[in-house]
Amino acid sequence: MLEIIKDPSDVKTLSRDELQQLVDETRQFLIEQIMAVGGHFGSNLGVVELTVALHYVFDSPRDRILWDVGHQAYAHKALTGRQAQFPTLRQYGGMAGFPKRNESPHDFFGVGHASTSISAALGMAVARDLRGENHHVVAVIGDGAMTGGMAFEALNHAGDLKKRLIVILNDNEMSIAPNVGAVSQYLTKLRTDPHYGRMKSEIETLLKKIPAIGHKLAGAAERAKDSLKYFMVQGALFEEFGFKYFGPINGHDLSSVLSILEQAKELTSPVLIHVVTQKGKGYPSAETAPDKLHSVGGAVTKPKKATPSYTQVFADALTELARTDERIVAITAAMPSGTGLNRFAAEFPERCFDVGIAEQHAATFCAGLSTAGMRPVFAVYSTFLQRAYDQVIHDICIQNLPVVFAIDRAGLVGPDGETHQGVFDVAFLRTVPNMTIMMPKDEGELRHMLFTSLTLQGPVAVRYPREDGRGVALDQSFMRLPIGVSEIVREGSDVALLALGPMVAVAENAALMLNQRGISALVINLRFVKPLDEAMLLRLAHSDMPIVTLEEASAAGGVGGAILEFYATHDLSVRVHPIGIADHFVEHGSREELLHHVGLTADHVAREAETLLHRPQSEAQTRVEKRNISPRLVKK
Ligand SMILES: Cc1ncc(C[n+]2csc(CCOP(=O)(O)OP(=O)(O)O)c2C)c(N)n1
Ligand SMILES: CC(=O)[C@@H](O)[C@H](O)COP(=O)(O)O
Ligand SMILES: [Mg+2]
């Protein structure tokens with residue numbers, strides 16, 4: 001059945017029995033494909049009935065179906081002409097793991113970060129009405145994504161505008177970890193407390209039985225919203241936001257889902273359909289441990305190295321430090337396992353806070369904690385910290401509060417692609433006064449950086465990659481690193497390679513290659529993006545060596561740029577060639593492929609260094625002076 005579905009219009013030709021067969025085959029197809037190549041697993045298995053029903057009832061691409069986060073859109077991809085691309089899922093040059101506008105006319109909104117769907121859907125609904133069009137807009141949002149503030153900002157606006165809009169709340173009680181928060185508890189009540197559902201109609205029936213005045217009383221009760229509605233109407237929270245609430249519906253009962261979607265289609269006001277599903281449905285170990293099978297590596301994934309990851313080393317170091325410093329508290333925005341904080345929480349449950357998908361709140365919550373004498377450590381993926389930029393500036397840095405940002409997934413993350421690459425944090429943090437920014441060359445140095453950051457009296461960011469460590473022996477004790485001081489890793493006299501974080505290893509390899517060509521390269525582990533090691537930079541300026549900088553971050557605004565700014569403001573003419581990520585979004589692929597793609601490999605660095613070294617300085621300078629453009633552009 002699945003094989004004959006080339007387009008969603010094919011779904012519409014099926015009978016009810018055939019639709020159920022399509023559900024079963026799609027689920028089986030997803031299990032096989034994801035297990036082979038890796039990808040998000042549990043969330044996709046949970047929404048198969050819902051996806052089939054959506055494509056049966058609605059008319060994509062005329063009607064617009066939006067997937068929040070988009071990690072659960074694989075069935076949607078399979079039903080919209082992309083089955084053959086599954087073997088390339090999330091691989092370099094292959095099909096993306098999230099909906100992408102340039103991948104299919106059925107993907108209306110590019111996603112990867114949570115809680116955007118209702119805002120985007122509302123924008124589409126408003127545009128539809130302004131343009132006099134007539135189609136449906138449907139946002140599918142999970143209970144985890146619903147903990148994000150943006151979702152509520154959108155509900156607030158949508159309820160006010162009263163546009164025709166359908167929101168499907170896919171409630172599986174899970175974020176990546178078990179879902180948290182008062183809204184989650186409210187959903188549990190809706191799901192599990194039969195009185196929530198029945199009370200209103202029971203009271204109405206009772207009142208109507210009272211002779212003569214019963215019907216009037218029932219009508220009055222219906223109107224007395226303030227006194228009754230909160231307690232009696234199922235989904236009252238959403239109704240107060242101006243949405244008609246339907247649910248809870250069993251999301252694995254195809255007939256129920258089809259029938260509720262057909263009803264919702266007839267309404268002209270905002271509707272919220274509460275669908276209850278099971279993450280991992282149809283795959284027993286994903287059903288019982290949905291957090292572990294949120295995503296899987298796939299059979300093609302290379303075996304993990306025996307060395308601990310940066311994440312593990314961070315989490316263990318933080319736990320160790322917290323044993324002797326009771327002020328340390330750890331905060332995550334719905335990523336306890338991804339950031340390793342579940343290890344911390346196991347020992348200090350009362351000092352670890354999962355705030356839900358709420359990075360903005362997490363940052364300001366940290367600010368509050370730090371004003372009251374605690375030492376908050378916000379463990380957050382680089383890409384998700386983007387959400388909290390104003391909080392970093394306004395709530396933390398202006399007040400110079402000692403909050404530690406443990407920035408995981410800094411640099412290229414791999415298969416999640418451009419929505420998740422952690423390449424902007426250097427640029428967006430280094431412009432903010434009071435901020436100290438470091439990146440360790442290996443997991444051993446990460447321990448010392450974390451320790452050092454907890455001794456500072458202002459905001460600090462320690463960034464580290466989504467990678468296994470280099471396998472160095474970890475010091476038992478912690479060392480306070482001198483602030484703004486770099487480290488010489490290898491002496492050299494012809495060219496200087498200034499590297500940040502894991503790029504130090506790349507620079508070391510490039511130096512070995514250069515050595516074989518008779519070029520002596522100095523390798524420096526920068527350690528700090530801010531403050532820069534100005535004394536070292538001045539020494540280098542006097543050495544006359546050309547400099548190559550390497551960083552796994554956006555070249556614009558990066559540490560290479562900071563070094564250029566330093567020399568320019570000191571009126572020093574030093575040849576600096578920054579290598580970082582150029583001005584484009586980096587798609588999905590393995591980290592190795594992506595590093596190769598952006599030129600952050602030893603081979604490429606060695607070639608660039610050699611070219612720089614052999615390019616006559618005077619010529620380059622003259623050309624630049626004449627045309628007032630950068631040497632890099634001149635070279636092209
Ligand atoms: C802003 C943001 N923060 C964190 C994440 C990481 N993340 C991806 S999926 C997910 C859980 C989403 O839960 P839910 O919406 O309920 O979907 P489910 O996985 O349960 O289907 C999280 C926290 C993200 N994508 N975006
Ligand atoms: C969809 C999403 O944002 C997360 O599931 C993310 O893919 C996790 O990434 P890691 O695999 O790096 O933890
Ligand atoms: Mg969920």
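**Figure 1. The region annotated as "domain: Transketolase-like pyrimidine-binding".** An unreviewed UniProt entry places this feature at residues 308–472; UniProt positions follow the numbering used here, feature names are shortened, and annotations may be inferred rather than shown by experiment. The structure is a predicted model, in which local features need pLDDT of at least 70, side-chain atom pairs count only at pLDDT 80 or more, and totals for chains, interfaces and linings use all residues. Residues are numbered from 1 along each chain as its sequence is written, while chains are lettered from A and ligands numbered from 1 in the order in which they are written. Over residues 308–472, helix accounts for 39% of the chain and strand for 16% (DSSP runs, H or I of at least four residues for helices and E of at least two for strands, numbered from the N terminus). The end C-alpha atoms of this stretch are 10 Å apart.

**Figure 2. Domain 1 and domain 2.** The protein chain is divided into domain 1 (2–296), domain 2 (311–463) and domain 3 (487–635), with bounds from an automatic or database domain assignment. A distance of 32 Å separates the C-alpha centres of domain 1 and domain 2. In domain 1, 21 residues are in contact with 17 residues of domain 2 (C-beta atoms, placed from the backbone, within 7 Å). The side of domain 1 that touches domain 2 comprises 8 nonpolar, 11 polar and 2 charged residues (nonpolar: Ala, Val, Leu, Ile, Met, Phe, Trp, Tyr, Cys and Pro; charged: Asp, Glu, Lys and Arg; polar: the others, Gly among them).

**Figure 3. The shell around ligand 2.** Residues around ligand 2 include His-71, His-294, Asp-416 and Arg-466, a residue being near a molecule if its C-beta atom, placed from the backbone, lies within 6 Å of it. The shell has 3 nonpolar, 4 polar and 3 charged residues. Because domain 1 and domain 2 both give residues to this shell, ligand 2 lies between them.

**Figure 4. Two positions of the annotated "binding site".** The unreviewed UniProt entry lists under this feature several residues, among them His-71, Ala-114 and Glu-359. The listed positions span 289 residues in sequence and their farthest two C-alpha atoms are 31.6 Å apart, so they do not all gather at one spot. Ala-114 lies in the loop between α5 (74–79) and α6 (117–130). Ala-114 counts as buried because it has 28 C-beta neighbours inside 10 Å (buried: 20 or more other C-beta atoms within 10 Å of its own, placed from the backbone; exposed: 12 or fewer; partly exposed: in between). Glu-359 lies in helix α17 (residues 359–371) and, with 29 such neighbours inside 10 Å, also counts as buried.

Key
Two residues are in contact if their C-beta atoms, placed from the backbone, lie within 7 Å.
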